[in-house]
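Hello,

Here is the structure I promised to pass on to you. Have a look at it first, and then read my notes below.

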There are 2 protein chains.
Amino acid sequence: MKPITLYPIILVWLLSFSCSPQGPKTEQTTERPPNIVIIFMDDMGYGDLSCFGHPTIQTPNIDKIAHEGQKWTNFYTACSVCSPSRGALLTGRYPIRIGLGPVKHRVFFPESTGGLPSGEITIAEMLKEKGYQTGIIGKWHLGHLPEHLPTRQGFDYYYGIPYSNDMDAVNWSIKTFFSEPDFNMWNVPLMENETIIERPANQHTITKRYTEKAVEFITKNRDKPFFLYFPHSMVHTPLFASKDFIHTSPRGLFGDIMSEVDWSVGQVISTLEKLALDRNTLVIFTSDNGPWLIMLEHGGSAGLLREGKGTTWEGGMRVPGIFYMPGTVKPGTITDLGSTLDLLPTIAGLTGTTAPTDRILDGYDLSPVLKEKASSSRDHFFYYRNQDIYAVRNREYKAHFITETCYQADNQKTVHEEPLLFQINQDPSEKYNHADAHPEVLKSLQALVESHQKGVVAAPPEMEKR
Amino acid sequence: MKPITLYPIILVWLLSFSCSPQGPKTEQTTERPPNIVIIFMDDMGYGDLSCFGHPTIQTPNIDKIAHEGQKWTNFYTACSVCSPSRGALLTGRYPIRIGLGPVKHRVFFPESTGGLPSGEITIAEMLKEKGYQTGIIGKWHLGHLPEHLPTRQGFDYYYGIPYSNDMDAVNWSIKTFFSEPDFNMWNVPLMENETIIERPANQHTITKRYTEKAVEFITKNRDKPFFLYFPHSMVHTPLFASKDFIHTSPRGLFGDIMSEVDWSVGQVISTLEKLALDRNTLVIFTSDNGPWLIMLEHGGSAGLLREGKGTTWEGGMRVPGIFYMPGTVKPGTITDLGSTLDLLPTIAGLTGTTAPTDRILDGYDLSPVLKEKASSSRDHFFYYRNQDIYAVRNREYKAHFITETCYQADNQKTVHEEPLLFQINQDPSEKYNHADAHPEVLKSLQALVESHQKGVVAAPPEMEKR
């Protein structure tokens, strides 16, 4: 062999090396279905990421996956408070169908005995059928008695605080939320699988420890398809950051924690890259509901959207939606509608799994949008509060039948005999009521609600169980 | 020569070719000082760019320069209305010093006879000393009688509408702003240098024509250092888009125009790239003041900031600030303070020009931040309205002595005997008054104002001249 003939081969090899931003690509198998990672924030508002416009919160790692993946700007969570939002995400069904349409109690409390009904099929259960390893690191909040724990709902592994981090208050006072953070004031348990391993959980290190466990889970399951559901306990008040992040953000403690969460996202992504799994893993980043505005500077921001957590105004239910999977998710900003309700069907579509067919699903398969920027199959969305539909959106129009503000006590609502109508793409802040100008639109939205309600059977409310 | 010795050379050449995202770099001279392009929006709010969080306005070209350049999130215009804001940008001095601190009339009107005093030194005049070719394409609004035109203030070339596009109304009615756009309703002139070349200006094509002229100016001056000041007439109401952009944005007509402006920015950047001038041209993108909220959906959005145009709340005066110069401007988000007042000293610093030394300048040279992400020299900012200081910011604190809302008639102001104090980095929406908790901060802010005022001489108000 003459030496000269080697050069073109070396050349091609070197070129491929130098052109790839991450160096030479490790062969990633396409035979195995993609891994799924859902990172779910608690009480993070539409305006709390740098890439969604916050001036002083810095989230470079999240911004990067938004920039290199898809940034959804009309993305909705199925409920404006915690437990129903989480149940809907995991099942693809409106909370009312799964026993999470509350009557009096809007979320599970430590004294609750209910939970997500075992007959419901979670993403974890769906993917287990396909041979996935499944884990949840973080906040569950769908029932904490043994029969309701994640380990009974399709998850092989659980590590986290099973409900909100402001529960089990030792000596409840609103002041404790704003004083020097002391985790002893909230006697919340930290669990591993079905065992309490620490109580009160040291919340200062909770984001750090969740992240270490998430990295461990990914690393351990590198050779099998896996589903990691990663619902953070933060940035729900009381706010706790670890010492590496405290006093690092101009946004104060809330910003420190957002920096820590951003670091955490960076850890997940770099672990996937190190294991050469990044191109075969769909990473989803979103939030359970809007910002808890009554927490003042300790609460987040809905950006230009109206109101926050607990309401059916946009600020309560529209959240950042980010999808990232290099080589599969086509980068761009998506202004079409999407919802956490769509995650189950989308994951089914992307992994070639069969979504449950024996029940009504409220989600749509968004995988064609992810892959080809096709139009979203979702054109409408119902804004439930408790058992009622307060508002409905169909494409660019949103009608409000009942409204409330997050500053009012519960159940102080305004019923609009003449519903409000907003052109929500032109007026995302819901300032200008155009009901008079478009009675036909209002009529069609009302018809949409009625037609939907005919197909809804309210399951017995689990959150009332004591 | 043996053929084999050629391969390493070819290899190196091929590698350099394949690694550069834009293909092989054309040699760009570093001897000549950098060109300057300032793209200045009219009434575009803090929340009206995709990269600053708007959900339905899409600005991919602007997002790209923000992402690859510096995105300033605490960047201020020197006045919340048009003429004073423009005068301050061009001179680096607060409006009150340059005859633009109004008493009654806040901007120049067609019947005005005043203008930016000829004794003031504009960026154009400063750069002419250094041999720059200077041009302004767009809205001047600093006096339209011959002695006040741009051609008398250091600009070699002018093309544009000399004042606001809603002036010279033929039959004034608020309805005309919201009806089917008809440019004949506003008899505004289009000028080239000192000659009126069209009246009424066809505003449908104004953004398109400005852009063509800007590209022409850059191309014509490719071999000399140039300064292009490019203040758009849009998105000031009445809104006009050209037919290529009408009905293209889910945000409606306002969004159509933002898309057209974004296309325009793309045209400027691609022209610089084609001429291999992109690495030797500082491009600045910002806005003259916050959104004109009384224009309803035809007005913009301040995002999470409070209020809009005409006020000293953040929404009136904080605007997007973007600096782009590949290879020189270090990419990143800058949360330090900056202002349009700083452009003159920054441009002086970057081009090696001497800024005026015979007068007080209110700007700071930000070029170390651009080049090395050094800390900004600006730590405070005065929020003037007319001749008064309504508010002051020093680092994270902002005190409000007088407030107003943009929905009130002019001069309906609230004087706060006990000033308001906001921790503006933690509370950008100015919701939580902490005056009681920090009396010492308030005192130091008041002292800062008093010390500044001792050095201010109000020049005779030009906008009162008739």
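**A helix across the strands of chain B**

Let me start with helix H6 of chain B, residues 206-220, which lies across strand E3 (133-137), strand E4 (157-160), strand E5 (190-192), E6 and strand E7 (226-231) of chain B, running at about 175° to E7(B). Please keep in mind as you read on that this is a predicted model.

**The sheet under that helix**

The strands just named belong to an open sheet of ten strands in chain B, with mixed pairing and the order E6-E5-E4-E3-E7-E1-E8-E9-E2-E10. At its edges are strand E6 (195-198) and E10 of chain B, each of which pairs on one side only. From one strand to the next, the twist averages 20°.

A second helix to look for is H9 of chain B, residues 343-351. Helix H9 lies across strand E1 (35-41), E2, strand E8 (281-287), E9 and E10 of chain B, and runs at about 160° to E1(B).

If you would like one strand pair to zoom in on, try E2(B) with strand E9 (residues 321-324) of chain B, which pair in the antiparallel sense over three bridges. There, B:Trp72 has B:Gly321 in E9(B) as its bridge partner.

**Backbone points to check**

Two peptide bonds in chain B caught my eye. One joins B:Arg199 and B:Pro200 and is cis, with omega about 0°; B:Pro200 sits in the loop between E6 and H6 of chain B. Another cis bond, also with omega about 0°, joins B:Met234 and B:Val235, and B:Val235 is in the loop between E7 and helix H7 (253-274) of chain B.

In chain A, A:Asp43 has a positive phi, near 60°, and is not a glycine. You will find A:Asp43 in the loop between strand E1 (35-41) and helix H2 (60-68) of chain A. Why mention these at all? Because most residues other than glycine have a negative phi, and most peptide bonds are trans.

**A four-stranded sheet in chain A**

Chain A has an open sheet of four strands in the order E11-E12-E13-E14, with antiparallel pairing. Strand E11 (380-385) and strand E14 (414-423) of chain A are at the edges with a single partner strand each, so one side of each has no neighbour in the sheet. Neighbouring strands here are turned by 15° against each other on average, direction ignored.

Strand E13 (residues 397-403) of chain A pairs with E14(A) in the antiparallel sense over six bridges, and A:Lys398 stands opposite A:Phe422 in E14(A). Helix H11 (residues 439-454) of chain A lies across E11, strand E12 (388-394), E13 and E14 of chain A, at about 125° to E12(A).

**Where the two chains meet**

How many residues of chain B are in contact with chain A? There are 42, and they touch 42 residues of chain A. Between them the chains bury about 3,500 Å², 60% of it on carbon and sulfur atoms. In chain B, B:Pro55, B:Glu297 and B:Gln426 lose the most area to chain A, together 18% of what that side buries.

Between the chains there are zero salt bridges, but eleven residue pairs are in polar contact. Helix H1 (6-19), strand E2 (70-76) and strand E10 (332-339) of chain B each supply at least two residues of the side that touches chain A. The largest share, six residues, comes from H1(B). By type, that side of chain B divides into 18 nonpolar, 18 polar and six charged residues.

Best wishes

How values were computed. Residues numbered from 1 in each chain as written. Chains lettered and ligands numbered in written order. Predicted model: local features only at pLDDT ≥ 70, side-chain atom pairs only at ≥ 80, totals over all residues. Heavy atoms only, no water. Contact = heavy atoms within 4.5 Å. Buried area = accessible area lost by both parts, 1.4 Å probe. Salt bridge = Lys/Arg side-chain N within 4 Å of Asp/Glu carboxyl O. Polar contact = N/O pair within 3.5 Å; in protein donor to acceptor, adjacent residues only side chain to side chain. Nonpolar A, V, L, I, M, F, W, Y, C, P; charged D, E, K, R; others polar. Pairing = 2+ DSSP bridges. Axes fitted to C-alpha atoms, helices over the stretch in contact; angles between N-to-C directions.
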